[in-house]
Amino acid sequence: MTASKPVTLRWWALAAAAALGLIGFSLASANGVRAGLSFVGGLALVTACFEFGAFNIRFVGRHLPGMTLLVAMLSYLTTAIALALVLAASSPRVVDGQAIAVGLFAGLAIWLGGELAATWVVREHP
């Protein structure tokens, strides 16, 4: 399995989760479309933060390998601050807390699953 295949599968999984979550939360929740959009917002927030961090780490790892750990830690700090600001600024009248939490965890699970799948070593047996 090449590295691009898990990445492609991850993006398909994120798109499917967004569609299913939007429809599922919109129909099943008492908050309707607001809950569905909150789920998609949580999913998008995790995806954007992880993609931003991964890009920064890959870029610095390629050009300044000695600074990789520093940039990784700064990316994590930026992610934590962005998440805290978004959650602190969101009003319960606008955002469904449970739906955004499920979206955050779904995005986390899909992203980490994609990273694990991309790092598995395929061993060929003679």
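**Four helices, talked through**

Modeller: Let's start with Arg58, which counts as partly exposed at 45% relative accessibility. Keep in mind that this is a predicted model.

Biologist: Fine, then which side chain meets Arg58 in a salt bridge?

Modeller: The cut-off to pass is a nitrogen of Lys or Arg within 4 Å of a carboxyl oxygen of Asp or Glu. Here the N to O distance is 3.8 Å. The partner is itself partly exposed, with a relative accessible area of 28%. That partner is Glu51.

Biologist: Stepping back, what pattern does the chain follow along the sequence?

Modeller: The secondary structure comes to four helices and zero strands. The C-alpha trace spans about 55 × 40 × 15 Å along its principal axes. Reading along the sequence, you get α-α-α-α.

Biologist: Among contacts between residues at least 6 apart in sequence, what share joins residues at least 24 apart?

Modeller: The chain has 126 residues, and 29% of them count as buried. As for those contacts, the share that joins residues at least 24 apart is 67%.

Biologist: How many residues apart in sequence are the parts that the Arg10 salt bridge ties together?

Modeller: Arg10 pairs with Glu115, and their closest N and O atoms are 2.7 Å apart. Arg10 sits in helix H1 (residues 4-28) and Glu115 in helix H4 (residues 97-119), so the bridge ties together parts whose separation in sequence is 105 residues.

Biologist: In that pair, which residue is buried?

Modeller: Take Glu115 to begin with: a relative accessible area of 33% makes it partly exposed. Buried means under 20%. At 6%, the residue that passes is Arg10.

Biologist: And Asp96, how far away is the nearest side chain of opposite charge?

Modeller: Asp96 lies in the loop between helix H3 (68-89) and H4. Leaving aside neighbours within four places in sequence, Asp96 has contacts with Ser29, Asn31, Arg34, Ala35 and Ser38. Asp96 is buried yet has no salt bridge, and the nearest side chain of opposite charge, Arg34, is away by 5.6 Å.

Biologist: Now the greasy part: how many residues make up the largest nonpolar core?

Modeller: In soluble globular proteins, nonpolar side chains tend to be buried together. In this chain, the largest nonpolar core includes Leu14, Ala18, Phe39, Ile110 and Trp111. H1, helix H2 (33-63) and H4 each supply at least two residues of this core. The full membership is 11 residues.

Biologist: Which residues does Ala18 touch, not counting those up to four places away in sequence?

Modeller: Ala18 belongs to the largest nonpolar core, as do Phe39 and Leu43. The residues that Ala18 touches are Phe39, Val40 and Leu43.

Biologist: Back in H1, is Leu20 buried or exposed?

Modeller: Leu20 is placed in helix H1. From Leu20 to Val40 there are 20 residues in sequence and 9.6 Å in space, C-alpha to C-alpha. Exposed takes over 50%. Leu20 has a relative accessible area of 63%, so the label is exposed.

Biologist: Last one: what percentage of the accessible surface belongs to carbon and sulfur atoms?

Modeller: For the charges, the chain has 7 positive and 4 negative side chains, with the centres of the two sets 3 Å apart. The accessible surface comes to about 8,300 Å², and the part that belongs to carbon and sulfur atoms is 75%.

Technical notes
Residues are numbered from 1 along each chain as its sequence is written. This is a predicted model: local features need pLDDT of at least 70, side-chain atom pairs count only at pLDDT 80 or more; totals for chains, interfaces and linings use all residues. Side-chain values use heavy atoms; hydrogens and water are left out. Buried means under 20% relative accessible area, exposed over 50%, partly exposed in between (1.4 Å probe, protein chains only). Contact means heavy atoms within 4.5 Å. Accessible areas come from the Shrake-Rupley method with a 1.4 Å probe; for residues, only the protein chains shown count as cover. Lys and Arg count as positive and Asp and Glu as negative; His and the chain ends are not counted. The place of a charge is taken as NZ of Lys, CZ of Arg, CG of Asp or CD of Glu. A nonpolar core is a set of buried Ala, Val, Leu, Ile, Met, Phe, Trp, Tyr and Cys residues joined through side-chain atoms within 4.5 Å.
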